[in-house]
Amino acid sequence: MSTVSRRQLLVFFAGSAGAAVLGDAILDGVSSQTIAQTTLTFTPVRLPHPLPIYQQVKSFLPIGIGQGQIMNASGDIKLTSYNVIDDVVVPPEYERYVIVRWGDKIFPNSDEYVGYNCDYTSFIPIGRTADEGYLWVNHEYVSFPFSGLVPETPSDVQGLATAFASVIGRSLPTNRNLELDGEFLYNLGGSIIRISRRNIARRFIVVPDAKNRRLHGLSGLGINSQRNDGYQSITFWGSLSYQIGDQNYLIGTGPAATEVFNISSDGLGNKIIGTAYNCSGGTTPWGTILSAEENFQGGGAFFVGVTEAVRPDGTQTGYTSGTTGATFGLVGEKYGWMVEIDPADTVFRPRKHTWLGRYRHENIALRVEAGKKLVAYLGDDRRGGHTWKFVSSGTVSTISSKSNSSLFESGTLYVAKYNPDGTGQWIPLLLSTPTNPVSPTTLSSVEFAALGSAQRDGLLPLPRRNGIAGQTQDGGAFGCTRSNQATALPGYQNKTLSNFYTSQGAILCDAFLAANLVGGTPTARPEDIEVHPTTKEVFIAYTDGAPGGDGYPDSRIFQVAKLSGAVNATQQSGGIYKIIENSADGTGTTFTWQKLAQGGEAGSISGAGFASVDNLTFDNQGNVWGVTDMSTDTHNGFSTGAAGTQTTINHSLIGNVSTFTGVFGNNWLFYIPTSGVDAGKVIPFAYGPVRCEITGPTFVGDTLIVSVQHPGENCPINDGTVLSRSIELLDLDGTTFNQTRSVQRGSSWPSNIPVADGGKGESTGIPRPCVIGIRRKNSTSRFI
C-alpha cells in the first residue's frame, strides 16, 4: 500500500510555509470549523481498482447511462467484476451536459465547423460576471473514426464506418490528396465560441457572435501566393468557402522571428501559416490565451506534421516527404511554439513567442505580479523532454493590462537541472552557456544497477554536427548512448552553445537538443505545470517515466521502469513533483524540488492510486484536481483495433511494463482536498467514455468545463460488441486478485446520452469529441 501519508499529501500541496502557519491541528483535520466547511459533499465514483477512500466513505457504482448504486464503505473493497460504462460518469449529486461538439456549425460562415479532438479550454468573461464569455478550446490532432486515413489508424479498422460524413454532411476523399490533408489541418488549432448561461437551466450554451471563429492549421494559407519556391499556387485545399486560403496568418516575436524566419525557405519572413497540434495551454490575467503546439513532428505513419530537425542556423533540414508540411510548404521552424490569441479582439494577430522555445509544448503556467518580471513555467511532453522557465526582461505593469503581452518578446529561457539531493539549477539557453551533457551512464545508472541493462542504451539525443562523434553532416539529432559515449561525448563537452548554433534564434528553434547539450535534466514527460495560487510553488505532473526514441529520463530522479519482480514493486506511471524557488519572485537560478508520490496502483510501493497524471488545476478553495492520460491502447487491458486483443497484465514482470495502466479502466478525474477531514485523500470524481481522455479542466463559478477527447479512438464505432476478460489487480495490501472486466469495444458518446444533455439517445450512435459542463444539481454558487 502507498507509504505516502495524508499529512505528507497535505503539506506537499499546502506548502511548508502554509503548513507552519496552519499548524498540526488543522493539518490533521481536527479543527471543527475546518471540518464543517470542507466535509466531503459528494459520493465518490467507484472505479474498478481499489482505493483507500472506498474503505472510509460510501461510493457510487455506475451500472448504466445515468444509473448507479450506492455502495457502503467496507474493509474489503475488491470488486470481482466490473462493467465499464460509456459515459462521463459523475457523482449522483452532479450532472454533465454537452456545451459544444466536433462538427457543430456555429460560426458566421455556415461552412465552418468546430475542430476535432478538443483539449485545453479557457474562459474569458464578458463583463463582470462569469455568466457569459468566450470559450477557447484547443484541437490537438485527428484520429479514427474521423477518417480511416488519419495517422496510425489500426489496419483492421481502416475499411470500417467512419464519422466525418455523418457529422459534417459530406464525404472526405477516399485517398490522400490536397483536400484530405487540408481537412486534417483544418481540424487542428482552436475554436473561439461565445457561451452563456443566462437561461433558466443555468447551463452554458453557444450563442451567436461575429467573433466566433476558427484558428487552424492553414489559417493564412493565402499568403503562399507571395512565394516563388513552387508553393505559390497552393492557396486552397478545396472549393468550399473556408477551404480558400485567407490572410489570417500569424506572426512571430523574439529572436527566431528576426534571426531565423527571415532566412526560412518559404520566403515569407515573419509571416506564419496557421497553428496546429494544440494540446494544453494557459490563460493570462489580461484576457489572452496561450495555446501550446505539441506533436508537430511529422514523418512516416505520423504524417500530419512538419520537419522537426533543424540546421545550425535554425532552419529546417528540408521538407519531410509524405508529410502535410511538404504538401503545403509549411517550414518546420515555424511550428512547435507557444501561441498567444485574444478571443475578444479580432484585430489582434495571433503570435508565436519564440523566447519561450520550440519543442513539444504541453503547458504553460504564469507568475504575474505588478512591478515584477513575468515568469512562465513550461514543459516539453516527450520521453526525455525538459522542464523550462522563462523570465522576462521587462516588468509587469498593471496585471490586467494587455501591454503585458510584450513581455514575452524579450527575456531568457532556462532549462531545469535536477540534482539527486533535492536541489536544482536553472540553466540559461544563451550563446555563451557552457556545454556539459549528462552522460548516458549517469542517466541510466539506477535501472542498470537493478537490471544489468538500460532501455534505449541510456539514449541522450544531441545536435548532429559535421566532425563531431564521427558525423559528416549538420542538423538533426545524434544519439549518444552508453555504448558510444566514450568517443562521442568529448566533442560536445567544454564548449559553448555558440560553437553549435549561429544565433540566439537558432538555439530557440532547437531548444530540446540545446538543453541536452547544456546539461538540462531529461524528464518523464511534463504534461502539466501549475503555480500554486498562494505559495507560488510550481507543481508538475510527469505522466510517464519510460524512456523512448526521444531520450531517457534521469533514472536518479524518475521511475523509468519496474525494477523488481515483486508484484507490488513501484510502477513507472509518472508522478507529481514540485519546484520551490529559492528566490522570492521566481527569477533566480536555484531551486529545491520534491516528489510527492509515484503513479501506480495504491497497492504498489509509493503508488498514489492513479497512473499517467496529466492536467492539474486548483479550484477557488485551493483544492487540487487532476486528470489522467493513460495510453488509449492499454485501456481496460485491451489494445485498440477491431480485434480487441488482450494486453498482458502480469505484476511479476520487470522493465518497461506500460500495460499496467489497463487496470485503471477509463481515464478519470480526481480530487484532493487540502483542508478538513478528507484533506490529502485521492477522491475519484468522474471517469470518461470508452477510449477517451478527459482534459482541459477549467472552473467557471459553479461549473467545471472539461473536454472529452477522442471517445472510441482507433476502435470501430460502437455496434454493441462487448469485450470481457479476467484482469489482474493489486489489492491495497500489495497482493493480487483477479477481476472480470467488461467494456464496450467502441464508443457512441455523446450520441448515447439523453437529448436533454446534448445527446441523441442512440445507443450505437457516432462518437464525437466535445466540451462539456459539470455542475451540482440545483447548484447555488460553488462547485464543491
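Which residues of H5 are buried? In this predicted model, where local features need pLDDT of at least 70, side-chain atom pairs count only at pLDDT 80 or more, and totals for chains, interfaces and linings use all residues, the buried residues of H5 are Leu180, Asp181, Gly182, Glu183, Phe184, Leu185 and Tyr186. Residue numbers start from 1 along each chain as its sequence is written, and side-chain values use heavy atoms, with hydrogens and water left out.

A word on confidence comes next. The pLDDT (the predictor's confidence in each residue, from 0 to 100) has a mean of 94 over the chain, and 96% of the residues reach 70 or more. Residues 17–38 are another matter: the pLDDT there is below 50, and the stretch has 26 contacts in the model beyond near neighbours in sequence. Contact here means heavy atoms within 4.5 Å.

Back to H5, which runs over residues 178–186 and is mostly covered, with 7 of its 9 residues buried. Helices (H or I, at least four residues) and strands (E, at least two) are DSSP runs, numbered from the N terminus. Buried stands for under 20% relative accessible area, exposed for over 50%, and partly exposed for anything in between (1.4 Å probe, protein chains only). The cover over the buried residues of H5 includes helix H4 (164–168), strand S9 (213–215) and helix H7 (324–328). At the start of the helix, a side-chain oxygen of Asn177 comes to within 3.2 Å of the backbone nitrogen of Glu179.

His710 sits in the loop that links strand S32 (703–709) to strand S33 (722–730). Despite its place in a loop, His710 counts as buried because its relative accessible area is just 3%. The side chains of His710 and Tyr141 are joined by a polar contact of 3.5 Å. Such a contact is a pair of N or O atoms within 3.5 Å; within protein, one must be able to donate a hydrogen and the other to accept it, and residues adjacent in sequence count only if both atoms are side-chain atoms. Leaving aside residues up to four places away in sequence, His710 touches Asn117, Tyr141, Ser143, Thr632, Arg691, Cys692, Glu693 and Pro769.

Asn117, one of those partners of His710, has its own quirk: a positive phi of about 40°, although it is not a glycine. Asn117 belongs to the loop between strand S4 (94–101) and strand S5 (118–125), and it counts as buried because its relative accessibility is 0%. Glu152 also has a positive phi, near 60°, in a residue other than glycine. Glu152 lies in the loop between S6 and H4 and, at 52% relative accessibility, counts as exposed.

That loop, between strand S6 (132–139) and H4, is also the place of Pro145. The peptide bond leading from Phe144 into Pro145 is cis, with omega near 20°. Another cis peptide bond joins Trp749 and Pro750, with omega about 5°; Pro750 is found in the loop between strand S34 (736–744) and strand S35 (770–776).

Val90 rounds off the set, in the loop between strand S3 (81–83) and S4. With a relative accessible area of 9%, Val90 is buried. Its C-alpha atom is separated by 6.6 Å from that of Val45, 45 residues apart along the chain. Not counting residues up to four places away in sequence, Val90 touches Val45, Phe60, Glu95, Arg96, Phe685, Ala686 and Ile774.
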